[in-house]
Amino acid sequence: MELKKCLNFRNLWIGIAMLWIVFFHGSLENLSEGLALFKNFGYGGVDICLFASGIGCYFSLEKDPDILRFLSRRAKRLGPTYLCFILPWLLWKEWISAMPFQAVLGNLLGIQTFISWDYHFNWYIGGLVLYYFAMPYLKRLTDSCKDIRQDLLVWLCLAVMTISFWNSENSIVILSRFPVLYSGMVFGKLAKQGYVLKGKDYLVMGFAALVGVSALLVCQFRFPALLWNCGFYWYPFALIVPGSCVFFSWLAEKMEKCKALRWLKKVLEVVGIYSFELYLIHVFFYEGVMPQILDYLWKITVNMQWLMSIPVIVLGTFLLNRVTSIVSRLLSTKKEAVSLEAK
């Protein structure tokens, strides 16, 4: 398969990843041992999203390498949605408990995670800010590597550099994701060069994924202290994700040929398109606010609460997208009016 064609299914990758993340964050009981283990590793969906982001950012910087314009494009893409979400969230937080002004400002700027985990919305927002600032430099590193061996050396250096942050949960959860970001950059570079995946590539990615899964399971059952404290919850996914995403692309091709499965492919792609809104809404939902309301109104099981939360999350995702579109359109109209007045 031509790598560039494989990367065309990135929205589907992200859709699968977001469903896994929502499953991971939900409170569920009485799951089978295998399903519970699958749920426990659901944070790996974030790594799939970051891998896809690394690819997208490589293409974006390839078209226009200016750092300030790149950051401006990222801010214009995600900023309106984030602000339309975080302002009501801050008001809600202020209502249930007073929030210091610096925490309000930190959340508005998306950097509260680096200041203090107290009052922060979610670590992923701070992570995105750091990742986007780092992307132009990661691309330069990627482009400076002449072959895959040099890329592998950089990948290893990025992993080793985070060792000093072991036992620091505020940092390791973010910094341990740099190898998977860099892998996305490498895939973007290879796709630009017209690389075609060969049999040996599938074998290497399959073997890497097997090593990653094995490392996760060994740590889970034999060395659990390594998982959170030393980042081994996340490092293995840098090995697992590339091969998994290539497999998802292969699966998407098969779905396209099967009329009965085309609808599923479309649904996954739509979930991927609205992934940022879905991430924000479902994290807010699973903070405990809505489950408490459901438990108060109906004395139902935890699993039933989770099932009832799904349509609420879908509705919230849709409403956030619509509100963002309306606000963006109003601001755009106002900006054009001011520009005409200035002329």
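Start by selecting helix α2 together with helix α15, residues 259-273, in this predicted model; their axes lie 7 Å apart and the two helices pack at an angle of about 80°. Angles from 65 to 115 degrees count as roughly perpendicular, and α2 and α15 are therefore roughly perpendicular to each other. To see where the two helices touch, show the side chains of Asn11, Leu12, Ile14, Gly15, Ile16, Met18 and Leu19 in α2, which meet Lys265, Leu268, Glu269, Val271, Gly272 and Ile273 in α15. If you colour this contact by residue class, you should find 8 nonpolar, 3 polar and 2 charged residues.

Keep α2, which spans residues 10-25, on the screen, and add helix α3, residues 33-40. The axes of α2 and α3 come within 8 Å and cross at roughly 110°, and α2 and α3 are therefore also roughly perpendicular to each other. Here the residues to select are Trp20, Phe23 and Phe24 on the α2 side, and Leu35, Phe38, Lys39 and Asn40 on the α3 side. By class, the contact of α2 with α3 is made up of 5 nonpolar residues, 1 polar residue and 1 charged residue. When you look at pairs like these, it helps to remember that two packed helices are described by the angle between their axes and by the distance between the axes.

Next, select lysine 5 and glutamate 253, whose side chains meet in a salt bridge with a distance of 3.0 Å from N to O. Which parts of the chain does this pair link? Lysine 5 sits in helix α1, residues 3-7, while glutamate 253 sits in helix α14, residues 237-257, so that distant parts of the chain, 248 residues apart, are linked by the pair. The count of salt bridges in the structure comes to 11.

The last stop is an empty space inside the model, and rolling a probe the size of a water molecule over the atoms shows where such space is left. The structure holds 1 cavity of 30 Å³ or more, and about 40 Å³ of space lies in the largest cavity. The elements that give two or more residues to the lining of this cavity are α7, residues 112-115, and α8, residues 123-144. To display the lining, select Tyr82, Asn107, Gly110, Ile111, Gln112, Thr113, His120, Phe121, Asn122, Ile125 and Gly126. How many of the lining residues are nonpolar, polar or charged? Colouring by class should show 4 nonpolar and 7 polar residues, with no charged residues in the lining.

Conventions. Residues numbered from 1 in each chain as written. Predicted model: local features only at pLDDT ≥ 70, side-chain atom pairs only at ≥ 80, totals over all residues. Heavy atoms only, no water. 1 Å grid on protein atoms, 1.4 Å probe; cavity = no way out; pocket = protein on both sides within 12 Å on 5 of 7 lines; lining within 4 Å. Points joined across faces, edges and corners; volume = space filled by probe spheres on them. Helix = DSSP H or I, 4+ residues; strand = E, 2+ residues; numbered from the N terminus. Nonpolar A, V, L, I, M, F, W, Y, C, P; charged D, E, K, R; others polar. Axes fitted to C-alpha atoms, helices over the stretch in contact; angles between N-to-C directions. Parallel < 35°, antiparallel > 145°, perpendicular 65-115°, else oblique. Contact = heavy atoms within 4.5 Å. Salt bridge = Lys/Arg side-chain N within 4 Å of Asp/Glu carboxyl O.
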